[in-house]
Amino acid sequence: MTPARGPVFLSIPMEDWKAESDANADLALARRVVLRTAPDPNALRSLATALDRAKSPCLIAGADIDASGGWAHAVALAEKCRLPVWMGPSDGRVGFPHNHPHFRGQLPPAIGAASQALAGHDLALVVGTPVFRYYPYVPGPILPSDTKLVLLTADPAEAARAAAGDAILGDVALGLEQLVTLVAPASRPAPATRPAPPAPGPDESPMSAAAVFATVAKVLPRDAIVVNESPSNLPAFFAFVRPHTPGSFFFSASGGLGFGLAAAVGAQLAAPNRKVLAVIGDGSAQYAITALWSAVEHAVPLTILVMRNSQYGILKWFGGFEHTRRVPGLDLPHIDHVALAQGYGMRARRVTRQDELETALREGLAASAPELIEAVIDSSVPALG
Ligand SMILES: Cc1ncc(C[n+]2csc(CCOP(=O)(O)OP(=O)(O)O)c2C)c(N)n1
Ligand SMILES: [Mg+2]
């Protein structure tokens with residue numbers, strides 16, 4: 001498959017299942033096709049020169065760095081050029097270690113705010129993520145007036161539809177590897193180190209999202225995989241849990257709910273030697289609740305943490321953002337995820353305090369069967385920008 005890779009619908013006529021394959025089919029099966037194509041060397045040389053000459057360049061590290069195996073090259077480039085690094089807005093994977101001193105955070109998914117975050121940078125290098133994904137419409141310039149942008153992407157459609165800047169097409173891991181050899185070591189000062197996570201506050205009931213994620217950060221194994229579909233709590237999640245190993249974070253980049261619970265079951269099946277933690281909003285959980293059945297029936301030992309704030313929190317924020325008052329249907333009282341999970345045959349418990357959560361997470365992550373933890377959190381609506 002050529003980039004961008006993703007879900008494929010394959011329809012096989014029923015009678016073909018019964019047909020015997022012949023020698024020609026063996027030829028087809030024996031084929032090996034290498035699809036990685038390196039970016040144009042001249043374009044990379046010009047980009048390296050632009051990086052060398054820039055006063056204050058920065059890197060926006062995207063999901064495809066993870067998918068293409070380019071973490072080490074992204075880190076080497078950021079260190080050699082002393083680049084501050086952001087995660088792409090609403091990106092589905094992490095392409096750069098969030099605990100690296102150069103890491104700044106996730107670019108906000110709105111025109112005005114993303115452009116403000118890039119202010120002061122004369123060159124923005126975007127690698128393996130669209131320019132850019134936006135959620136609410138916040139008018140403004142797509143880029144600050146004195147910022148040039150270059151996108152390195154393996155996806156021709158992504159290159160074509162970028163709202164601003166130049167684009168270079170090719171495998172992003174190969175491109176980054178080449179760039180590292182082409183740039184000169186920068187003499188500009190290294191970016192300031194990102195502050196340590198904030199203190200989560202006292203252990204009280206109901207918990208804050210911060211208290212939940214401080215606990216998750218404490219107990220999560222180093223190579224664990226987190227699938228996240230807890231929309232209003234994503235900034236709090238990234239404040240505490242800083243993914244720092246490849247292939248350790250998955251999020252629905254399109255924003256379509258129902259991905260998380262099902263993807264977490266798939267991730268645990270695909271990576272039996274790593275622990276998968278699904279962090280799922282109480283609203284989002286309803287969009288693919290039958291994934292619980294798959295986890296139980298196939299004995300998939302993932303841990304599911306449901307963030308019970310009893311609401312569609314992000315839509316309450318959105319209502320306020322759009323100055324829409326009294327939007328109906330955004331409260332989700334009375335959904336008992338413990339009963340739902342038990343109904344599917346899954347071990348489950350509710351926790352209301354950090355110490356209970358810590359025990360539940362440790363036991364869940366050590367268990368050889370799937371387990372659901374419903375964390376009751378306060379229903380404050382986070383300020384999302
Ligand atoms: C399939 C689908 N339907 C509806 C939406 C709109 N939507 C976006 S976020 C959201 C609420 C999510 O609620 P919850 O999972 O409880 O997370 P919270 O915002 O409370 O953190 C909804 C309904 C969507 N993104 N996808
Ligand atoms: Mg919710």
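# A walk through the model

Welcome! Begin by selecting Tyr135, a partly exposed residue with a relative accessibility of 42%. Keep in mind as you go that this is a predicted model.

**Stop 1: aromatic rings**

Keep Tyr135 selected and add Phe318. The two form a stacked aromatic pair, with 5.2 Å from centre to centre and 15° between the planes. Which parts of the chain does this pair tie together? Tyr135 sits in the loop between strand E4 (123-127) and strand E5 (148-153), while Phe318 belongs to helix H12 (residues 313-321), so the pair links parts that are 183 residues apart in sequence. Phe318, like its partner, is partly exposed: its relative accessible area is 23%, and that of Tyr135 is 42%.

Stay on helix H12 and select Trp317 and Phe321. Here is another stacked aromatic pair, 5.1 Å centre to centre with 25° between the planes. The two residues are four apart in H12, so about one helical turn separates them. Colour the pair by accessibility if you like. Is Trp317 buried or exposed? Trp317 counts as buried, at 12% relative accessibility, whereas Phe321 is partly exposed at 26%.

These pairs are among the 10 aromatic pairs found in a search of the whole structure. For another group of rings, select Phe213, Phe237, Phe238, Phe249 and Phe251: together they form one aromatic cluster.

**Stop 2: helices H8 and H14**

Next, show helix H8 (residues 209-219) together with helix H14 (residues 354-366). Their axes come within 10 Å and cross at roughly 40°. At that angle the two helices are oblique to each other, and H8 passes H14 in a right-handed crossing.

Now turn on side chains. From H8, the contact uses Ala211, Val212, Ala214, Thr215, Val216, Lys218 and Val219; from H14, it uses Gln354, Leu357, Glu358, Leu361, Arg362 and Leu365. Sorted by class, the contact has eight nonpolar, two polar and three charged residues.

**Stop 3: helix H7 and two partners**

Centre the view on helix H7 (residues 172-182) and add helix H4 (residues 71-81). Their axes come within 9 Å, crossing at roughly 30°. That makes H4 roughly parallel to H7, since angles under 35 degrees count as roughly parallel. This crossing is left-handed.

To see where they meet, select His73, Ala74, Ala76, Leu77 and Lys80 in H4, then Ala173, Leu176, Glu177, Leu179, Val180 and Thr181 in H7. By class, the residues of this contact are seven nonpolar, two polar and two charged.

Leave H7 on screen and bring in helix H2 (residues 41-53). How do H2 and H7 pack? They meet at an angle of about 55°, with their axes 9 Å apart, and are therefore oblique to each other. H2 passes H7 in a right-handed crossing.

Residues to pick out on the H2 side are Leu44, Arg45, Leu47, Ala48, Leu51 and Asp52; they meet Gly175, Gln178, Leu179 and Leu182 of H7. The class count here is six nonpolar, two polar and two charged residues. Pause at Leu179: this H7 residue takes part in the contact with H4 and also in the contact with H2.

**Stop 4: Arg242 in its loop**

Select Arg242, in the loop between helix H9 (234-240) and strand E8 (249-251). Is this arginine buried or exposed? With a relative accessible area of 16%, Arg242 is buried, because under 20% counts as buried.

Show the residues around Arg242. Leaving aside residues up to four places away in sequence, it touches His98, Asn99, Arg194, Pro195, Ala196 and Pro197. Try a distance label as well: the C-alpha atoms of Arg242 and Pro97 are separated by 7.5 Å, although the two residues are 145 apart along the chain.

**Stop 5: backbone details**

Finish by looking at the backbone. Zoom in on Ser205 and Pro206, where the peptide bond joining them is cis, with omega near -5°. Pro206 is in the loop between H7 and H8.

Move on to Ala299, in the loop between helix H11 (291-297) and strand E10 (303-308). Its phi is near 50°, a positive value in a residue other than glycine.

Last, select His323, in the loop between H12 and helix H13 (337-343). His323 is not a glycine, yet its phi is positive, at about 55°. With a relative accessible area of 73%, His323 is exposed.

Methods. Residues are numbered from 1 along each chain as its sequence is written. Chains are lettered from A and ligands numbered from 1 in the order in which they are written. This is a predicted model: local features need pLDDT of at least 70, side-chain atom pairs count only at pLDDT 80 or more; totals for chains, interfaces and linings use all residues. Side-chain values use heavy atoms; hydrogens and water are left out. Rings of Phe, Tyr and Trp (its six-membered ring) pair if their centres lie within 6.5 Å; planes under 30 degrees apart count as stacked, over 60 as edge-to-face and the rest as tilted. Buried means under 20% relative accessible area, exposed over 50%, partly exposed in between (1.4 Å probe, protein chains only). Axes are lines fitted to C-alpha atoms, for helices over the stretch in contact, and angles run from 0 to 180 degrees between N-to-C directions. Angles under 35 degrees count as roughly parallel, over 145 as roughly antiparallel, 65 to 115 as roughly perpendicular and the rest as oblique. A crossing is left-handed if the near helix is turned anticlockwise from the far one by less than a right angle, and right-handed if clockwise. Contact means heavy atoms within 4.5 Å. Ala, Val, Leu, Ile, Met, Phe, Trp, Tyr, Cys and Pro count as nonpolar, Asp, Glu, Lys and Arg as charged, and the others, Gly among them, as polar.
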